[in-house]
Structures are given as C-alpha cells and as structure tokens.
Amino acid sequence: MADLVTHLAAGVLVKALVGVATGRRRGMPAFLIGCVLPDAASRVPTIGMTWLLHRGLPIPEPLIYGFYVLHMPLGLLALCYLLSSLYRERDRAGAFADLLGGAALHMALDLLQRHYGPGYMLLYPLSRFSWEARLIGSEDTVFAAPVL
C-alpha cells in the first residue's frame with residue numbers, strides 16, 4: 001500500500017510542478033490513474049488469480065503471469081492507448097499523454113528499486129534483458145510515503 005501512496009504522491013507533485021511550469025493544469029486525474037495503472041493492471045489480477053488458485057480453482061499459470069506485460073513499457077503503451085479511447089474524442093490525445101506520463105513516472109520510480117530477482121524487462125517482448133538501478137529497497141516506500 002505504501003508503494004501506491006508513494007506513486008500517487010509523486011504523481012501529484014510532478015503534475016503540479018509541470019502544470020505551474022507549462023500553464024497546463026488539466027489532466028491530474030488521468031495522470032494519477034497512470035501512476036497506479038502498472039500495478040493495478042498487472043499485480044491486482046495476478047494476486048487475485050493466485051488467491052483463487054490456492055483455493056482450488058484450476059487457473060493456468062500462463063494466465064496468471066500473462067498480466068505482467070502490463071507492467072512493461074510496450075504493454076503500458078497499448079493499455080494507455082486503449083484507456084484513452086474511453087475519453088471524448090477531443091480529450092483523447094491529452095488523456096493518452098497524461099496516462100502515459102503517469103505510467104512512465106511509475107516505471108521510473110520502480111526502476112530506482114532493487115528487488116529479489118530480475119529487474120524490469122523494459123523491451124519485452126523484443127528482448128528479455130532486465131535492468132534496475134538498485135538505488136533503494138522496495139520497502140523504502142514505507143518511509144517515503146509520509147514525507148511525500
């Protein structure tokens with residue numbers, strides 16, 4: 001939970017600063033949706049299906065892990081495009097930019113972390129190369145959330 005609070009708080013700060021600098025103060029809701037979109041679209045379904053699997057439902061593993069592509073740049077690009085199509089036609093380009101900007105901020109913050117296992121496959125499915133900066137621990141968001 002602290003991770004999502006950190007992503008949202010960082011999103012509010014960044015969007016507010018960009019709004020002040022550019023004079024464009026619209027799009028905060030779409031930007032904040034983008035900030036939580038990678039985790040909401042990939043982690044939440046995976047956690048839910050894993051929970052169901054442990055309770056006896058025969059859920060195939062490829063279905064469970066298939067949602068991870070939505071926490072990678074190409075998957076997020078497609079998802080942001082799809083979600084922006086739900087906006088009015090005149091607002092779609094701005095919504096797409098805000099959703100994608102929030103998702104990019106999420107990815108940038110995640111790339112700062114170190115995890116137990118491989119980093120993020122940023123070019124998947126074109127490459128399986130993974131990377132992370134390993135500057136902070138993933139649990140450090142607990143301390144960053146109150147400050148933000």
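Angles under 35 degrees count as roughly parallel, over 145 as roughly antiparallel, 65 to 115 as roughly perpendicular and the rest as oblique. The views below come from a predicted model.

**View 1. Helices α2 and α5 pack against each other in a right-handed crossing.** Helix α2, which covers residues 28–54, and helix α5, which covers residues 92–111, pack at an angle of about 45 degrees, and their axes lie 6 Å apart. An angle of about 45 degrees falls in none of the parallel, antiparallel or perpendicular ranges, and the two helices are therefore oblique to each other. On the side of α2 the contact is made by A30, F31, I33, G34, C35, V36, P38 and D39, while α5 brings A95, D98, L99, G101, G102, A103, L105 and H106. Sorted by character, the residues of this contact between α2 and α5 comprise 10 nonpolar, 4 polar and 2 charged.

**View 2. Helix α4 passes α5 in a crossing that is right-handed.** The axes of α4, the helix of residues 73–84, and of α5 come within 9 Å and cross at roughly 150 degrees. Because angles over 145 degrees count as roughly antiparallel, α4 is described as roughly antiparallel to α5. The residues of α4 that take part are P73, L76, L77, C80, Y81, L83 and S84, and they meet R92, A95, F96, L99, L100, A103 and M107 of α5. In this contact of α4 with α5 the residues divide into 12 nonpolar, 1 polar and 1 charged. Readers who move between the two views will find A95, L99 and A103 listed for α5 in the contact with α2 and again in the contact with α4.

**View 3. D91 forms salt bridges with R88 and with R90.** A search of the whole structure finds 5 salt bridges, and this view shows two that involve D91. Between R88 and D91 the closest N and O atoms are 2.8 Å apart, whereas the side chains of R90 and D91 meet at a distance of 3.9 Å from N to O. D91 is buried, with a relative accessible area of 17%, but R90, at 66%, is exposed.

**View 4. E132 and R134 are joined by a salt bridge between their side chains.** The distance from N to O in this pair is 3.0 Å. With a relative accessibility of 10%, E132 counts as buried, while R134, whose relative accessible area is 45%, is partly exposed. Elsewhere in the model, salt bridges that share partners join R88, R90 and D91 into one network.

**View 5. Q113 belongs to strand β1, which covers residues 113–114.** At a relative accessibility of 5%, Q113 counts as buried. When residues up to four places away in sequence are left out, Q113 touches D3, E132, A133, R134, I136, S138 and T141. Among these contacts of Q113 are E132 and R134, the two residues that meet in the salt bridge of the preceding view.

**View 6. P60 lies in the loop between α2 and α3, the latter being residues 61–65.** P60 is partly exposed, its relative accessible area being 46%. For a sense of distance across the model, the C-alpha atoms of P60 and S127 are separated by 24 Å, and the two residues are 67 residues apart along the chain.

Key:
Residues are numbered from 1 along each chain as its sequence is written. This is a predicted model: local features need pLDDT of at least 70, side-chain atom pairs count only at pLDDT 80 or more; totals for chains, interfaces and linings use all residues. Side-chain values use heavy atoms; hydrogens and water are left out. Axes are lines fitted to C-alpha atoms, for helices over the stretch in contact, and angles run from 0 to 180 degrees between N-to-C directions. Helices (H or I, at least four residues) and strands (E, at least two) are DSSP runs, numbered from the N terminus. A crossing is left-handed if the near helix is turned anticlockwise from the far one by less than a right angle, and right-handed if clockwise. Contact means heavy atoms within 4.5 Å. Ala, Val, Leu, Ile, Met, Phe, Trp, Tyr, Cys and Pro count as nonpolar, Asp, Glu, Lys and Arg as charged, and the others, Gly among them, as polar. A salt bridge is a side-chain nitrogen of Lys or Arg within 4 Å of a carboxyl oxygen of Asp or Glu. Buried means under 20% relative accessible area, exposed over 50%, partly exposed in between (1.4 Å probe, protein chains only).
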